2 protein chains.
Amino acid sequence: MTQIKNNLFIKACKKEPVERTPIWVMRQAGRYLPEYRAIRDKYDFITMCKTPELAAEVTIQPVDLIGVDAAIIFSDILVIPEAMGMKLEMIESKGPKLYNPIRSVDHVNELKTIDPYKELKYVLDAVSLTKRQLNGRVPLIGFAGSPWTLMTYMVEGGGSKNFSEIKKFIYNQPDAAHKLLDLLADIVASYLSAKIESGANAVQIFDTWGGILSPDDFAQFSLQYITKVISKIKRSGEPVIIFAKGVHYKLDQLASCGADVIGLDWTMNLNSVRNMIGNKVALQGNLDPTILYSPKEKILKEAMNVLESFGKGSGHIFNLGHGILPDVNPENLKYLVDVVKKESVRFH
Amino acid sequence: MTQIKNNLFIKACKKEPVERTPIWVMRQAGRYLPEYRAIRDKYDFITMCKTPELAAEVTIQPVDLIGVDAAIIFSDILVIPEAMGMKLEMIESKGPKLYNPIRSVDHVNELKTIDPYKELKYVLDAVSLTKRQLNGRVPLIGFAGSPWTLMTYMVEGGGSKNFSEIKKFIYNQPDAAHKLLDLLADIVASYLSAKIESGANAVQIFDTWGGILSPDDFAQFSLQYITKVISKIKRSGEPVIIFAKGVHYKLDQLASCGADVIGLDWTMNLNSVRNMIGNKVALQGNLDPTILYSPKEKILKEAMNVLESFGKGSGHIFNLGHGILPDVNPENLKYLVDVVKKESVRFH
C-alpha cells in the first residue's frame, strides 16, 4: 500500500489531531472547471463514467488545479440502477432519466441483482487507476446513493418536484418498497466494499432525498437501510460518511447509524450539531454553495463563520453544504481552499 | 359585521379553548377538485384571480364540498410583482414566469410602488364578495408572499432549482436587495391591511423560500422583513400566520416575529416544536401532503399521529405541511377532514 502523504482528511474523519482543517467539495470534479468541460465536450457523461482513463483524469483535476485534500471518484449514483437493468440517459440541463420506472413488485422482481466486480467493473477499474495515478498524494473517496435515494430515482424515473410516484409507491405498496430497499442495501454494501477493495480510502453515502420524508418515514424507509449498508461494508478502518440532505430532524439518530462522519447541508448550524452529536461522529460541511458567487471578502467572512461555528479541535472536514454549482468561477473555489488551509491552523 | 358561525379556526389561532381541532388545507381551492377544473377549463389562472366572481366561487368550493373550517381567498402571491410593473405569465405545468427579472438597483428603482386599493382592487373586491357569499359560515383568510419570497421570484424570474440568481443578487448587491425588500415589506403590509379592511378574518404570510437561506442570511434577508410586515399590518385582533417552509433552524426566532401562528412543514415534529415555542404561538400543520395518496387506513393513522404529536389543548390548526397536490383524490381529503373533525374531540 502506498503511504498517503496528505492524510489530513482521513485523520479528521477519525477525529484524530490535525494541524489544520482538511477541505474537499462535493462535485469538485465537475462542470465549473474549464479543464473538465474540455473533456466533457468530447465525450458524453456516461461514457466518461465508463472509461477509467477519463474518470481518473477528471477525478484528479481538482487535486492538481484547486489543491483539495481528497479526491472523489468521478461517477454517478445511477450506475447501480443501470447495472440492474434500467435504461439510463443523462439529458442535458434536465438531469437523469431512467426509463420504465419501477411501479410494482413485478417490476422489482425483474431487476437483476449484480456483482460489482462484473457489472460495475468499470467503476472499480477507475478507482484502481485513479489510485495509482494519485500516487499517494491525497486519499480517494468512493461513493454510492443510499437505498432510499436510489429507489426514489428508480420509481420517479428521474428527478422530481413533488415526489408523487415514490410516495404513492411506499404508501400503497410498502412490501414491494421494502423488498427493493433491502435488495439495494445489499448491492450498495457490496459495491462500496468493492470500491474499498479496489483502493478507496473512505466512502460517502448520499441520501439526497431523505429530507422529503417525515421523521417516522425517514426512520422506516431510509435510515434502517443506511444502517444495514454500513454494517455490511467490508472495511479495515476506512471511514464512512453519510450525507443526508435536509434531515435536520433526525441528526441524533443519524449519529448512531454507524457512520464515522455526518455531512451537513448549509441550513444547519455546525456548533449546535457538534454540541448535540459531535462527541460521537466527525462533521463535514457546510458552506452554502452559492457563497462562491460572492466577492472574496464575503467568501472569507463566511468561511471563517463555518470554521468558528465548528470551533477548536479535530473532527471537522470543510466542505460545501451541497455540490458546487456549474457556473461558479474556479478562482473563487481556489480562494476558499487557500483560506481554509491558512485560517484553520488556529483552530488546531 | 356578520357573526361567524364556525369560528373554531380563529379561536385556535388565538389559543382559546375549542371543542375540536379546526382544519383547512393549503391550496384547497385548486386543481384536485373537478369543480375547480371545470372553471379553470374556461378561464386562465390570471383571469380567475382578476375576476372577483370566479375567485369567490372557487374559494367557497372546498367549504361546500369538503367541509373545511376556513376559506382562503383564491389568488396568487405574484399579483404584487405584476402590480409593480412586471409582466407575469403562468405557464401550464411549468409554473410562473416573470419577464425581465430584477438584477440591479436600476431595475429596483423602475418598479412602481402601489396602492392596493387601486392596482390590486380586484383582489379586495374578491375578498368582499367572498365574504358576503360565505355569509359567516367560516372565517376567510387573506394571504401574501413574504418580501424575501417575492424578491426571489422577481430576481429569478420564476421558480428555480439552484437559486443562483437571487444568491448572486444578495451577495453582490446587498444594498439593492435591502432596498427592494424594504419596499416589498411596505407593500405587503398595506396589501394585507387592505385585505383585513375588506373582510379577511386572518392573514397568512408564505415564506416559501426562506429555507434556501443559511441561518444568518435568513435572519438578515427574510425574518427582519417578515417582522416589519407584521408590525405594520393594521388589524383589530385578526391573527397572522407565518408559514416558513424548511426553516427548522430558526423556529425560536420565528416565534418572536409577531405572528400568532406558525405553519410547519411535514418534516417537523409538532411535539418538539410545541415544547420549544408552543407557549408563545399556535401551530398549524403538518401532515405530509403525499399521505393523501394512501389508502384510508394510512390516512387515519397519520392524521392521528399529527393530532397526538400536538397533544391535548388548544393552539393547533390542522393542515397539510404544504399545498395539496393536484392529482389527489378529493374523497381522500374529505375523509381526512372528517377524521380530524371526529377524532380531535378527545384532545380538547
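This dialogue goes through some of the assignments made for a predicted model with chains A and B.

Visitor: What makes the size of chain A agree with that of a compact globule?

Guide: The comparison rests on chain length. For 348 residues, a compact globule would have a radius of gyration near 20 Å, and chain A has 19 Å, which agrees. The C-alpha trace of chain A spans about 55 × 45 × 40 Å along its principal axes. Chain A holds 15 helices and nine strands, and 56% of its 348 residues count as buried.

Visitor: How many of the contacts in chain A between residues at least 6 apart in sequence join residues at least 24 apart?

Guide: The share is 73% of those contacts in chain A.

Visitor: Why are α8(A) and α10(A) called oblique to each other?

Guide: Helix α8 (residues 147-156) of chain A packs against helix α10 (residues 174-197) of chain A at an angle of about 120 degrees, and their axes are 9 Å apart. Roughly perpendicular covers 65 to 115 degrees, and roughly antiparallel requires an angle over 145. The value of about 120 degrees falls in neither class, and α8(A) and α10(A) are therefore oblique. Their crossing is right-handed.

Visitor: Which residues make this contact between α8(A) and α10(A)?

Guide: From α8(A) come P147(A), W148(A), L150(A) and M151(A), and from α10(A) come L180(A), L181(A), L184(A), A185(A) and V188(A). By class, the contact has nine nonpolar, no polar and no charged residues.

Visitor: What makes α8(A) a mostly covered helix?

Guide: A residue is buried if 20 or more other C-beta atoms lie within 10 Å of its own. In α8(A), ten of its ten residues are buried. Among them are T149(A), T152(A) and E156(A), as well as W148(A) and Y153(A). After α8(A) comes G157(A), with a positive phi near 85 degrees.

Visitor: Why are α4(B) and α8(B) also assigned as oblique?

Guide: Helix α4 (residues 52-65) of chain B and helix α8 (residues 121-134) of chain B meet at an angle of about 50 degrees, with axes 8 Å apart. An angle has to be under 35 degrees to count as roughly parallel, and the roughly perpendicular range begins at 65. The angle of about 50 degrees satisfies neither condition, and α4(B) and α8(B) are therefore oblique. The crossing of α4(B) and α8(B) is right-handed.

Visitor: Which residues of α4(B) and α8(B) meet?

Guide: On α4(B) they are P52(B), E53(B), A55(B), A56(B), T59(B) and I60(B), and on α8(B) they are Y122(B), D125(B), A126(B), L129(B), T130(B), Q133(B) and L134(B). This contact comprises eight nonpolar, three polar and two charged residues.

Visitor: How do you know whether F9(B) is buried or exposed?

Guide: The threshold for a buried residue is 20 or more other C-beta atoms within 10 Å. F9(B) has 29, and is therefore buried. F9(B) belongs to helix α1 (residues 8-13) of chain B. Leaving aside residues up to four places away in sequence, F9(B) touches P22(B), W24(B), D69(B), A70(B), V138(B), P139(B) and I317(B).

Visitor: Why do K15(B) and R27(B) receive the burial classes they do?

Guide: The count is set against the limits in each case. K15(B) has 20 C-beta neighbours inside 10 Å and so counts as buried, since 20 or more is the condition. R27(B) has 18 and so counts as partly exposed, a class that lies between the buried condition and the 12 or fewer of an exposed residue. K15(B) lies in the loop between α1 and α2 (34-40) of chain B, and R27(B) is placed in the loop between α1 and α2 of chain B. K15(B) has a positive phi of about 60 degrees although it is not a glycine. R27(B), also a residue other than glycine, has a positive phi near 60 degrees.

Visitor: Where is there a cis peptide bond in chain A, and where in chain B?

Guide: In chain A a cis peptide bond joins G285(A) and N286(A), with omega about -5 degrees, and N286(A) lies in strand β8 (residues 282-287). In chain B a cis peptide bond joins G285(B) and N286(B), with omega about -5 degrees, and N286(B) lies in strand β8 (residues 282-287) of chain B.

Visitor: How many residues of each chain take part in the contact between chains A and B?

Guide: There are 25 residues of chain B in contact with 25 residues of chain A. On the side of chain B, the largest share, five residues, comes from helix α10 (residues 164-172) of chain B. That side divides into ten nonpolar, ten polar and five charged residues.

Definitions and conventions
Residues numbered from 1 in each chain as written. Chains lettered and ligands numbered in written order. Predicted model: local features only at pLDDT ≥ 70, side-chain atom pairs only at ≥ 80, totals over all residues. Contact = placed C-beta atoms within 7 Å. Helix = DSSP H or I, 4+ residues; strand = E, 2+ residues; numbered from the N terminus. Nonpolar A, V, L, I, M, F, W, Y, C, P; charged D, E, K, R; others polar. Rg over C-alpha atoms; globule rule 2.2 N^0.38 Å. Axes fitted to C-alpha atoms, helices over the stretch in contact; angles between N-to-C directions. Left-handed = near helix turned anticlockwise from the far one by under 90°.
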